[in-house]
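Grab a pencil and work through these exercises with the structure open beside you. Try each task yourself before you read its solution.

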Amino acid sequence: EIPTHARPWPEDTWPCLAGLSSFGFSGTNAHVIVGEAPEIASAANNNERPVHIMSLSAKSEEALLRFAKGAADSFSTAKEVDIPNICYTANTGRAQFAHRLTVTGEHRVEMHDALTAFIGSGTAPNLATGVTNASHPPKVAFLYSGFGAQYTNMGRDLYESEPVFRSALEECETLTLGQLNQPLLSIMYPKDVKEQRPISDLAAGQATLVSFEYAMTKLWRSWGVEPTAVLGYSNGEYAAACAAGVISIADIAKLNATISKVQHLAREGTMLTVFADEARVSKELAAYDHQIDIAAVNSARNVVVSGDIDAVRRLANDLAAQGVRSQPLDAPLAFHSHMIEPMLDELEKTAGNIKYGDLNMGFVSTVLGRLVNDGEISNADYWLRHLRQPVRFADGIRVLESRGYDVFVEMSPQPTL
């Protein structure tokens with residue numbers, strides 16, 4: 001049948017086929033057959049993320065309002081919508097303009113209500129708007145917490161719903177085979193156990209924490225969020241160095257394995273947080289004949305000390321008598337003190353065999369308390385000092401603030417920094 005006018009495809013036959021012909025004056029003829037696209041059933045995603053985020057942008061407030069109205073109408077009229085794919089397309093498939101709108105939600109009704117609130121010049125808990133300045137984009141720094149932030153089932157939802165996060169953890173499990181008493185993922189996500197429990201064992205704690213932070217870095221980058229500087233707290237600096245291109249995740253696994261293997265060489269000690277300034281704490285430590293060291297300076301009135309158990313207990317009692325509050329820390333070793341020096345020779349062997357890379361972004365060292373230059377942390381000596389010297393966290397944060405960093409994203413399983 002040759003149609004002589006436009007008409008819809010017949011609905012009672014499948015597949016619908018049509019022939020198109022073109023006849024040229026020179027005698028060149030062409031013919032093509034086109035058919036209706038087959039229906040493809042959407043694959044069910046049993047591990048869909050629980051909450052979705054959709055970002056819209058436009059060149060003006062008026063254009064953004066029209067865009068939001070169209071999106072709201074779509075959510076209102078369509079009873080079944082593929083929220084994950086809609087959000088993905090909106091977030092990644094369009095150019096980004098200055099006027100921004102972001103909504104979050106579990107389902108289309110939440111998305112629709114937030115968009116409706118924006119259209120009506122209202123607010124909603126799951127709605128955020130703003131105008132960006134292309135000439136002054138936000139400066140983003142990734143922060144990496146240290147030992148103690150890790151626990152079982154941390155990031156389980158991410159592991160089940162985010163392929164990038166899951167792939168990174170599986171990579172880490174492969175790298176740590178033989179280094180732990182059981183596979184990494186069995187420690188992080190024990191079978192039939194949903195509650196959260198601290199992972200206090202040194203080997204398991206270090207491995208799970210750095211793996212989590214490595215996976216989080218991969219995930220944020222897959223979403224298009226790129227830092228221009230990193231800062232790590234204590235052994236969180238390993239993950240920061242990996243993000244900055246200095247140490248591979250495979251070499252970090254070797255360093256952590258060595259620390260765990262030689263931990264028995266360290267002298268038994270403990271750690272204590274003192275709620276006083278560094279000068280006051282240093283003055284108090286002078287009476288303890290080098291039995292206690294400052295392990296970290298976290299803020300103006302938060303200092304961690306580390307050393308001999310009896311000496312640290314006496315210090316806590318002496319401070320309490322003066323009205324200075326302190327709090328013991330649950331740490332497997334007296335990190336960042338003279339108590340771990342017997343471990344350093346063995347650690348030097350491992351650190352000396354690492355092939356270090358060059359920095360690919362700003363790196364604020366919490367050993368030095370400043371931004372470092374290429375080569376300063378690409379050597380074994382630095383990483384020995386990293387384990388022994390105090391964490392200059394407060395100095396590091398001041399450096400980032402002084403350089404205009406205004407967005408800090410913590411890669412930790414819980415907010416500890």
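**Exercise 1. Find what share of the contacts in the protein chain with a separation of 6 or more comes from residues 24 or more positions apart.**

Step 1: Get the term straight: a contact means heavy atoms within 4.5 Å.
Step 2: Take the contacts with a separation of 6 or more; residues 24 or more positions apart account for 74% of them.
Step 3: Know what you're looking at. This is a predicted model, where local features need pLDDT of at least 70 and side-chain atom pairs count only at pLDDT 80 or more, while totals for chains, interfaces and linings use all residues. Residues are numbered from 1 along each chain as its sequence is written, and side-chain values use heavy atoms, with hydrogens and water left out.

**Exercise 2. Set the radius of gyration of the protein chain against that of a compact globule of 417 residues.**

Step 1: The radius is taken over C-alpha atoms, and the globule rule is 2.2 Å times the number of residues to the power 0.38.
Step 2: For 417 residues, the rule lands near 22 Å, but the protein chain has 29 Å.
Step 3: Now look at the box: along the principal axes, the C-alpha atoms fill roughly 100 × 50 × 50 Å.

**Exercise 3. Work out where Leu-231 sits and which residues it is in contact with.**

Step 1: Find strand S7, residues 229-232; Leu-231 belongs to it. Strands here are DSSP runs (E, at least two residues), numbered from the N terminus.
Step 2: Check the cover. Leu-231 has a relative accessible area of 0%, so it is buried (under 20% relative accessible area, with a 1.4 Å probe and protein chains only).
Step 3: Skip the neighbours within four places in sequence, and the contacts of Leu-231 include Phe-142, Tyr-144, Val-364, Phe-393 and Leu-400.
Step 4: Try a distance too: Gln-322 is 91 residues from Leu-231 along the chain, and their C-alpha atoms are separated by 35 Å.

**Exercise 4. How many disulfides does a search of the whole structure find?**

Step 1: Use the cut-off: a disulfide is a pair of cysteine sulfur atoms within 2.5 Å.
Step 2: The search comes back with zero.
Step 3: Take Cys-172 as a case. Its nearest cysteine sulfur belongs to Cys-242 and is 8.2 Å away, and Cys-172 is in no disulfide.
Step 4: Look at the cover again: Cys-172 counts as buried, at 2% relative accessibility, and Cys-242 is buried with a relative accessible area of 17%.

Key. Buried < 20%, exposed > 50% of the residue type's maximum accessible area, 1.4 Å probe, protein only. Helix = DSSP H or I, 4+ residues; strand = E, 2+ residues; numbered from the N terminus.
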